[in-house]
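Me: I should like to learn how to read the features of a protein model, one at a time. May we begin with a strand and then work outwards?

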Amino acid sequence: MNLDFSKAAATAAIVSVLISGCAADGSGMTETGRGAAIGTTGGAAAGALIGSLSADAGKGALIGAVGGALMGTAVGAYMQEQRQDFEKALAPEIASGVIRVQMLPNDELLVGMTGATTFEIDSDQIKPGFYSTMDKIANIVKKYGKTQLAVAGHTDNTGSAAHNQRLSERRALSVHSYLERSGVLAQRISSAGFGLNRPIANNETEQGRRLNRRVDIMIMPITAG
């Protein structure tokens, strides 16, 4: 648990630096730019924490279930190849801004989706029109089985904190359940909601609120360490 938690803590530290830097430098960075710089890493930190806390106790069983852990230089190559497959399969969604795929420190990968595209307003049901995108994600996740996934739901600040917390949890669980129904090994997936507590943009603007309404899938290599 110590190794995984240390990686998560390091990623969280990067988030803090990015957030404080963007707030203080007065660079005029756009809302979208802040979302890419802060939101991606913020989602990664959340995901890493979920994964380390939920999977560590049964890590030996997980390694056995996926047929062994990744080791050495194979880790980076495995995750880079997976990123390339995501970028190829999801090229239309990435181009339209519906999906973002990014490599992060520690050979971790983030696949993020916008709440507006994935769900109806105030709903936790995935839109039927988004099923094809979810199927693409599930197929690649199944192909690269030596990973664990942490699904994190987030909202803007419209409405009460309690309502947003429940909504973020339900949305994360919907994505979690879809992946599991699609054949992703249940032991590989964990999910949690963070409500309005981890914004990646200014909630005072509609564009900022749109960026904050999201579900992020953090994909982490399963290693023996």
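Me: How many of the residues of β5 are buried?

Reply: This is a predicted model, and the answer applies to it as such. In β5, eight of its eight residues are buried, and the strand is thus described as mostly covered.

Me: Which residues of β5 lie on one side, and which on the other?

Reply: The general idea comes first. In a regular strand the side chains alternate between the two faces of the sheet. In β5, R214, D216, M218 and M220 lie on one side, while V215, I217, I219 and P221 lie on the other. Both faces are covered, since the residues on either side are all buried.

Me: In which sense does β5 pair with β2, and in which sense with β3?

Reply: Strands of a sheet pair through backbone hydrogen bonds, either parallel or antiparallel. Here β2 and β5 pair in the antiparallel sense over six bridges. β3 and β5 also pair in the antiparallel sense, over eight bridges. Individual partners can be located in the structure: T114 is bridged to R214 of β5, V111 to I217 of β5, and A152 to D216 of β5.

Me: In what order do the strands of the sheet stand?

Reply: The order is β1-β2-β5-β3-β4, in an open sheet of five strands with mixed pairing. β1 and β4 (189-193) stand at the edges with a single partner strand each, so one side of each has no neighbour in the sheet. From one strand to the next, the twist averages 15 degrees.

Me: Which strands does α4 touch, and which does α7 lie across?

Reply: α4 packs on the sheet and touches β1, β2, β3 and β5. The direction of α4 makes about 165 degrees with that of β1. α7 lies across β1, β2, β3 and β5, and runs at about 170 degrees to β2.

Me: How do α7 and α8 meet, and at what angle do their axes cross?

Reply: The axes of α7 and α8 come within 10 Å and cross at roughly 65 degrees. The crossing in which α7 passes α8 is right-handed. On the α7 side the residues are Y131, M134, D135, I137 and A138, and they meet V175, Y178 and L179 in α8. Sorted by class, this contact has seven nonpolar residues, no polar ones and one charged residue.

Me: How many residues does the largest nonpolar core have, and which of them have the most contacts inside it?

Reply: The largest nonpolar core has 32 residues, and F86, I137, V175, L179 and I217 have the most contacts inside it. The elements that give two or more residues to this core are α4 (74-89), β1 (99-104), β2 (108-114), α7 (131-143), β3 (147-154), α8 (161-181) and β5 (214-221). α7 gives the most, with five residues.

Me: With which residues is L179 in contact, leaving aside its neighbours within four places in sequence?

Reply: L179 is in contact with M134, I137, A138, L149, V184, I189 and I217. There is also a second, separate core of five residues, which includes L104, L110, A150 and M218.

Me: What is the sign of phi in N106 and in D122, and where are these residues found?

Reply: Most residues other than glycine have a negative phi, and most peptide bonds are trans. N106 has a positive phi of about 65 degrees although it is not a glycine. N106 is found in the loop between β1 and β2 and is partly exposed, with a relative accessible area of 33%. D122, likewise not a glycine, has a positive phi near 60 degrees. D122 is found in the loop between α6 (115-118) and α7, and this residue is partly exposed, with a relative accessible area of 43%.

Me: How many helices and strands are there in the protein chain, and what pattern do they follow?

Reply: There are nine helices and five strands in the protein chain. Read along the sequence, they follow the pattern α-α-α-α-α-β-β-α-α-β-α-β-α-β. Of the 225 residues in the protein chain, 48% are buried. Among contacts between residues at least 6 apart in sequence, 76% join residues at least 24 apart.

Key:
Residues are numbered from 1 along each chain as its sequence is written. This is a predicted model: local features need pLDDT of at least 70, side-chain atom pairs count only at pLDDT 80 or more; totals for chains, interfaces and linings use all residues. Side-chain values use heavy atoms; hydrogens and water are left out. A nonpolar core is a set of buried Ala, Val, Leu, Ile, Met, Phe, Trp, Tyr and Cys residues joined through side-chain atoms within 4.5 Å. Buried means under 20% relative accessible area, exposed over 50%, partly exposed in between (1.4 Å probe, protein chains only). Helices (H or I, at least four residues) and strands (E, at least two) are DSSP runs, numbered from the N terminus. Contact means heavy atoms within 4.5 Å. Axes are lines fitted to C-alpha atoms, for helices over the stretch in contact, and angles run from 0 to 180 degrees between N-to-C directions. A crossing is left-handed if the near helix is turned anticlockwise from the far one by less than a right angle, and right-handed if clockwise. Ala, Val, Leu, Ile, Met, Phe, Trp, Tyr, Cys and Pro count as nonpolar, Asp, Glu, Lys and Arg as charged, and the others, Gly among them, as polar. Two strands pair if DSSP finds at least two bridges between them.
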